[in-house]
Amino acid sequence: MDIQTALSQIPTATTEALEALRIQYLGQKGELTAQMQALGKLEPEARKARGAELNVIKTQLTEAISARKTELETEALNAKLAEEAIDVTLPADPTYNGRIHPITVAMEDIASALRSLGFTHAYGPEIETDDYNFTKLNLPAHHPARQDQDTFYLNPFKAEATERYLLRTQTSNVQIRTLETVKPPFRVMGIGRVYRRDYDLTHTPQFHQVEGMMVEAGTNFSHMRGVLDEFLRLYFGKPLKTRMRPHYFPFTEPSAEMDMECLFCKGTGCRVCKQTGWLEVLGCGMVHRNVLAVGGLDVAEHQGFAFGAGVERLAMLKYGVPDLRLFYESHAAFLRQFGKPAISAA
Ligand code: DAH
């Protein structure tokens, strides 16, 4: 039994080697254990001396092994602590408050601009009859312009059916609903959802429109131009050059489309305005006599104008969003850039 070798090996032993050494010397069949057991065969005098000697050796081995064991445990603990250390100086995960959706913000901003021009809210249902969505707007059955608005019908067409229901394709139904119930003079707006069977980069099957209508004796095309210029100035927050191009809508005559100076290149030509310097923003016109007649109004006495625009389009232009679908894909990182906080910090 070479105690000196054992004692020199212990301080550098690995956990496994240390256990092997313990078994080799102190285990049930260990070398020291065997010698202890052999004591009984010695003479009393010799036994006493040898016994004391072996006890000293046992104490030395036990203490050395225990010291090394503590050392190894400390090393293991330190290694684990180093590995699991948390850098408390790192920034915490950010938290975000919910925000109002940009389309909702756009609708609020549009309504607030029109309110300041004297327009009040009017209502039209999203599930509408063919009559209010088309016929009474001077779009009789088989009118070719019906095909411009690919419609979701809710019940099949039957010649004898009195009502045919559909999802409104335009907020223009608000015009008829108002003419039938409100006496002029009035200025109304209708903002809400409309539906068309369309889906691509610039179309979604459900989107939003804003409709405006003003009926007041003596109203003319110049009044319309002035109101629309002012509306765009209020919504976009700065004066913008506008122009009107002749156009066709069944429910207005004469009709026009309105363009405004491109917000991105200030009219010099860029990708957004397809190098024209102009952006198309809305449709408008003087309310058609057939439409006024639906409201029982004498066309010799009453004039008015109406206009309609896409809310998503106005929002895309204001915020510089290139793809309509981004508004509906619910990516928090996208939505977080726009809109107003849902609750203001106290
Ligand atoms: N309803 C039309 C559309 O969806 C937009 C429109 C054009 C509305 C001219 C109007 C108007 O009130 O006068 O394309």
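**Exercise 1: Contacts and overall form**

Work out what share of the contacts with a separation of 6 or more comes from residues 24 or more positions apart in the chain.

*Solution.* Start with the contacts in this predicted model. Among those with a separation of 6 or more, 65% join residues 24 or more positions apart. Next, look at the chain as a whole: you'll find 11 helices and 9 strands. Now check the radius of gyration. The chain has 43 Å, while a compact globule of 346 residues would come out near 20 Å. Then take the box along the principal axes, where the C-alpha atoms fill roughly 145 × 55 × 40 Å. Last, burial: 40% of the 346 residues are buried.

**Exercise 2: Around the ligand**

Find out how many residues surround the ligand, and which are the closest.

*Solution.* Count the shell: 16 residues surround the ligand, and the closest are Gln170, Gln175, Arg196, Gln209 and Glu211. Sort them by type and you get 5 nonpolar, 9 polar and 2 charged. Then see where they sit: β5 (206-215), β8 (278-287) and β9 (304-310) each supply at least two of the shell residues.

Now go through some polar atom pairs:

- An N or O atom in the Gln170 side chain is 2.8 Å from a nitrogen atom of the ligand.
- Glu211 places a polar side-chain atom 2.6 Å from a ligand oxygen.
- Ala306 uses its backbone, with a polar atom 3.1 Å from an oxygen atom of the ligand.

To finish, look at cover: on its own the ligand has 360 Å² of accessible area, and the protein covers 90% of that.

**Exercise 3: Unusual backbone spots**

Track down where Lys266 and Gln275 lie, and say whether each is buried or exposed.

*Solution.* Here's the background: most residues other than glycine have a negative phi, and most peptide bonds are trans. Lys266 has a positive phi near 55°, and Gln275 has one of about 65°. Lys266 lies in the loop between β7 and β8, and Gln275 is placed in the loop between β7 and β8 too. For exposure, the cut-off is over 50% relative accessible area. Lys266 has 58%, so it is exposed. Gln275 has 57%, so it is exposed as well.

Now for the peptide bonds. Pro184 to Pro185 is cis, with omega near 0°, and Pro185 is in the loop between α7 (173-181) and β4 (186-195). Glu253 and Pro254 are also joined by a cis bond, with omega about -5°; Pro254 belongs to strand β7 (residues 252-261).

Notes
Residues numbered from 1 in each chain as written. Predicted model: local features only at pLDDT ≥ 70, side-chain atom pairs only at ≥ 80, totals over all residues. Heavy atoms only, no water. Near = heavy atom within 4 Å. Polar contact = N/O pair within 3.5 Å; in protein donor to acceptor, adjacent residues only side chain to side chain. Areas by Shrake-Rupley, 256 points an atom, 1.4 Å probe, with all protein chains shown as cover. Helix = DSSP H or I, 4+ residues; strand = E, 2+ residues; numbered from the N terminus. Nonpolar A, V, L, I, M, F, W, Y, C, P; charged D, E, K, R; others polar. Rg over C-alpha atoms; globule rule 2.2 N^0.38 Å. Buried < 20%, exposed > 50% of the residue type's maximum accessible area, 1.4 Å probe, protein only. Contact = heavy atoms within 4.5 Å.
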